[in-house]
Amino acid sequence: MNKTRYGKAALSGITLLLATGMVLSGCGGNGDKNASSGGSDNGGGAGGKKSKVTVWYLWGGKEGQVIEDVIKRFNDSQDKITVEGLSVPDEQKIKVAIAGGKGPDLTDSFASNVAQYAKEGIALPLEDLIARDKYDMSDFVPATLEQGKYDGKLFALPLNINMNGMFYNKKLLADAGYTEPPKTSKELIEMATKLTKTSGNGEIEVLGFPSYPGFPFQALTYGFGGTYVSQDGKKATFDQPGALEALQAIYDYNKQFGVNNIKQVQATGKWLDPTDPFMSGKQAFRFDGPWLSTFMANNNIKLDYGLAPLPYLDGHADLAGSNEAQSSIFYIAKNSKNVDGAWEFMKFMYSAPELAKVMGGMGNIPARTTSMKDPVFGTIADADKFMEFAQNANVKALPNIAQLPDLLNKVVKEEGEAVFNLKKTPEEGIAAMQKRAQELLDK
Amino acid sequence: MTLVKRKVVPYTLLVLLSLVFAAPLLWLLSTSLKSKDQLFVTKPLYFPSAPRWQNYADVFHTIDFVRLSANTLLVTLLTVAGLLISAPLVAYATSHIEWRGKKPLFAVVLATLLLPYQVTMVPLYIVWSKLGAIGTYVPLVLPAFLSAGAGYYVFLMRQFFMTIPNSLVQAARIDGASEMRIYAQIMLPLCKPVIATVGVLVFLSTWSDFLGPLLYLNDERTYTLSLGLYAFMQTHYVEWEQLMAASAMFTVPIIVLFFLAQKQFIEGIALTGIKG
Amino acid sequence: MRRKANLTGLLFSAPFILGLLVFTLYPTGASLVYSFSDFNLFKPLAWVGLDNYKWIFQEKEVSKSILNTLYMVLLATPVSLIAGLLTAQLLNLKVKGQSIFRTFFYIPSIVPVIASSLVWMWVLNPKSGLINSLLDLAGLRGPNWLLDAAWTKPSLILMTAWGSGGVMIIFLAALQDVPRSLYESADIDGAGSVRKFFSITLPSISPIILFQLVMSLIVYFQYFAQAFMLASLTNSGADQTMAGPEKSLLFYAILLYREAFVDFRMGHASAMAWVLFIITALVTWLVFRSSKRWVTYGGD
């Protein structure tokens, strides 16, 4: 067949196609002006008919069931609003759905996304609703409430206080002659090195360092008392003590045991699954949240483990208990067609007893002080310890700035990865993070 | 010697290569029959001695496999139907009708082959969202009824249509047959192979399509298999062995389809590929 | 008579033309407009001139994604064409059970991406995967494949060769149509099979090679699903960059998708789409130009 002829035909076809396209779309922009007219308030059960609220959540399985349970209790508690829940375990999908005008009225996310969602116009400011109902927020832990704010306005309510603790395998420590977990960065590094067991060809049999499930830079930095950004969100703070030490520890460990060997361990099991190296006794130290304790308790995993605060920077006892607090949050979609209904459900779910039930069901620490005192937490594995960690004065949080996703996903991830793979020295990594982060913040 | 060269060497190569091509799928099968603690066993060619068929039954409890399959089948069949209705029409118009648009239109068909789908992806998404069609199957299915984005299939069909001697069409015209009748009673029956081929190709690609459902479907209840399995692995506590079993079940229908349609399928391609 | 033909032609093409206007031409024009503006679904359109195009030339991630994409285009295209041609050649030998072998070679290319990604993720697992555990038997330590930036793209190339059945089947069809008589007269001249391949087979199927070459180039310039799936399968946590280790899986189409549907920068995405369109058209044009030198058209 004569392809050259087709080639020419195709190219002249393109010209034709373009010309028509231009004409057709003429002022293609015109149609888009009213793209975001959502956020109206036609809900609220006017006229006696039940109004509908859709709630999408990222959780699945047992945790998803906890949300379904609170939805059911809400639906049974009143007869004006029906809430429909749906598990959508893909945050991106939720965003795209809201953008397409077919999203939920209410959904959850992580506090680190609040600023971006507020800025992009995905999340609805809650100020008016709070003022109208004189909603009392004094019971929320102040640091977590900050996480729902952007530009001084509240866009989301915090559910919980998430933070890492240091889990350690008691048996592995005992075998090496240790009776106590490490308290300082120096002790951690020493013990991690000693506890690592390798086979003849260098493959790691027991991972000493907390480099599973991923790269522990953030947890180490905040544990060592460092931060990424100043509280006002204006200055990058990678050049303060903490971050460099964290990166150095990762670098040294990787250099000694081989990046490939460590990555191999990262690929051998699935996080929060019985094949997870910590649960199968192949990891000595693990930085993880309260869900790990809950998972082990619920799945009957018999592991003799201990839980301690993250080690602090050697020689800085005043920084003991340093940690980073994160929160999960719920926000109302800006184009929700039933803002009032969504808000009613939100108030219900965030009431002290309900929040205790929801967070208790997931094994998380609630963001309300009254809820923390609920007896349910006496029965949840390690809840007492995580509450204690949460109340330490050295706990910090990342400020809510719109650049946060770029800071974490681009700057920290790229430079951190380069150091993890030994392609940059820790000093170079920190210098690059500091420089690039500051440029980002100055934008 | 020639026997070795003619038979033994090719056979050995064919068998070896078949093994290489089949190995990953056999691996899928073996993993789908493992128990949790056998998942990370480091023995190659490890096949569980006591296959755990339960994994397959469990899939139906963990995800709504029946609904996902039904959704996928619905979208796929509608798309195939849409395309098989609309594409032969334009293939006929660009092959056997002597009209002003015959050549320019074919040039446009070829040009659309070069147009990356990314160019139309964003505006189409916006149009569909304004029409409130996000979350429905309309954006996935409707374009097929207008052969939109289907330049390749139109091209394949048109090429095949060209192999039908024009004299046949002319003779029918002289006999006074209407154009629709020539199309339906002469062209289509003669072009069955390519219609079958294109039907199979469209079926295969729609059945496994990922991006379309990813963009347009939101509600789990409307998910297709691709998206459902993707969502399944995005959640925590992934049951790998079940995911493997589900993937195996997802793949089986298309293998069966290929077996059934194999003969016609190859025939349709053989002719379209060659004649100009 | 002629007028009637024009009307019939138009009627028969009407569905296609309507689809073309609504689903191809309008969006193509609209995306050009978007490419000069800043907007998303939540905010109105604002004209920004060439900013989006400037961004394409300045943003490091774009250049990274172009390099990654070129890698795929330049390696995966020849690999899939050569693998497809060689397997087709093998299948074209008159051997028994051809249809069974054909099925074996073809099936991988129609396995849904989600399933094939899943399978390969496990086949390439550094410790318990098929390949590394086979290497282990031979006393070798395999690479970390999808976790090591140096090996992610070679892994994809491997998958490409595995999935070359679609290319293979079209080559097979072409090979079966090379006139027997050509080979017979070559036999009389005493030509060996290698010479026959180069002096008869290749020239006879060169138009098909051209066709497949152009189609593969287009496919790999738009490479998306497999990489998207593997990047999200192998990462842990809530990372939305979909880029793989050291961004080695950040392909142009992935970045474009991310700009559009993760970060909602529709202007960036539209400009990227147009640049891709121009590159595709340009490369196709170059290939066609060069084809005059190596494609031979038979007598028909």
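Me: What is the strand order in the open sheet of 5 strands in chain A?
Reply: First, this is a predicted model: local features need pLDDT of at least 70, side-chain atom pairs count only at pLDDT 80 or more, and totals for chains, interfaces and linings use all residues. Residues are numbered from 1 along each chain as its sequence is written, while chains are lettered from A and ligands numbered from 1 in the order in which they are written. Helices (H or I, at least four residues) and strands (E, at least two) are DSSP runs numbered from the N terminus, and two strands pair if DSSP finds at least two bridges between them. With mixed pairing, the order reads β2-β1-β3-β14-β6 (chain A).

Me: Which strands of chain A stand at the edges of that sheet?
Reply: Look for strands with a single partner, because that leaves one side of each without a neighbour in the sheet. In chain A those are β2 (81-87) and β6 (157-158).

Me: Which residue stands opposite A:V55?
Reply: Strand β1 (residues 51-57) of chain A is joined to β3 (residues 106-110) of chain A by 2 bridges, and the two run parallel. Over in β3(A), the residue facing A:V55 is A:L106.

Me: What angle does the direction of helix α13 of chain A make with that of β1(A)?
Reply: Axes are lines fitted to C-alpha atoms (for helices, over the stretch in contact), and angles run from 0 to 180 degrees between N-to-C directions. Contact puts the C-beta atoms of two residues, placed from the backbone, within 7 Å. Helix α2 (residues 61-77) of chain A lies across β1 and β2 of chain A, at about 175° to β2(A). Helix α13 (residues 339-349) of chain A packs on the sheet too, touching β1, β2, β3, β6 and β14 (328-332) of chain A, and with β1(A) its direction makes about 60°.

Me: In the sheet of 3 strands in chain A, by what angle are neighbouring strands turned against each other on average?
Reply: This open sheet is antiparallel, in the order β11-β8-β12 (chain A). Its edges are β11 (285-288) and β12 (305-308) of chain A, each with a single partner, so one side of each has no neighbour in the sheet. Direction ignored, the average turn between neighbouring strands is 25°.

Me: And what stands opposite A:M166?
Reply: Strand β8 (residues 165-169) of chain A pairs with β11(A) in the antiparallel sense, over 4 bridges. In β11(A), the residue opposite A:M166 is A:F287.

Me: Which element gives the most to the side of domain 1 of chain A that touches domain 2 of chain A?
Reply: The split, with bounds from an automatic or database domain assignment, is domain 1 (46-162 + 326-396) and domain 2 (165-324 + 403-442) of chain A. Their C-alpha centres are 29 Å apart, and 20 residues of domain 1 of chain A contact 20 residues of domain 2 of chain A. On the domain 1 side, α4 (114-120), α16 (383-390) and β16 (395-396) of chain A each supply at least two residues. With 4 residues, the one that gives the most is α16(A).

Me: Where does A:D382, with its positive phi, sit?
Reply: A:D382 has a phi of about 65° although it is not a glycine. Its place is in a loop of chain A, between α15 (369-372) and α16.

Me: Where is A:P213?
Reply: A cis peptide bond joins A:Y212 and A:P213, with omega about 5°. The proline A:P213 is in the chain A loop between β10 (204-206) and α9 (217-223).

Me: Which helix supplies the largest share of the side of chain B that touches chain C?
Reply: Here 77 residues of chain B are in contact with 76 residues of chain C. The chain B side has 54 nonpolar, 18 polar and 5 charged residues, where Ala, Val, Leu, Ile, Met, Phe, Trp, Tyr, Cys and Pro count as nonpolar, Asp, Glu, Lys and Arg as charged, and the others, Gly among them, as polar. The largest share, 15 residues, comes from α13(B).

Me: At which residue does α1(C) bend?
Reply: Helix α1 (residues 2-34) of chain C has 33 residues, yet its end C-alpha atoms are only 42 Å apart. A straight helix would reach 48 Å, taking 1.5 Å times one less than the number of residues. The bend, the angle between axes fitted to the seven residues ending at a residue and the seven starting there, is about 55°, and a proline, C:P15, follows within four residues of C:A14.
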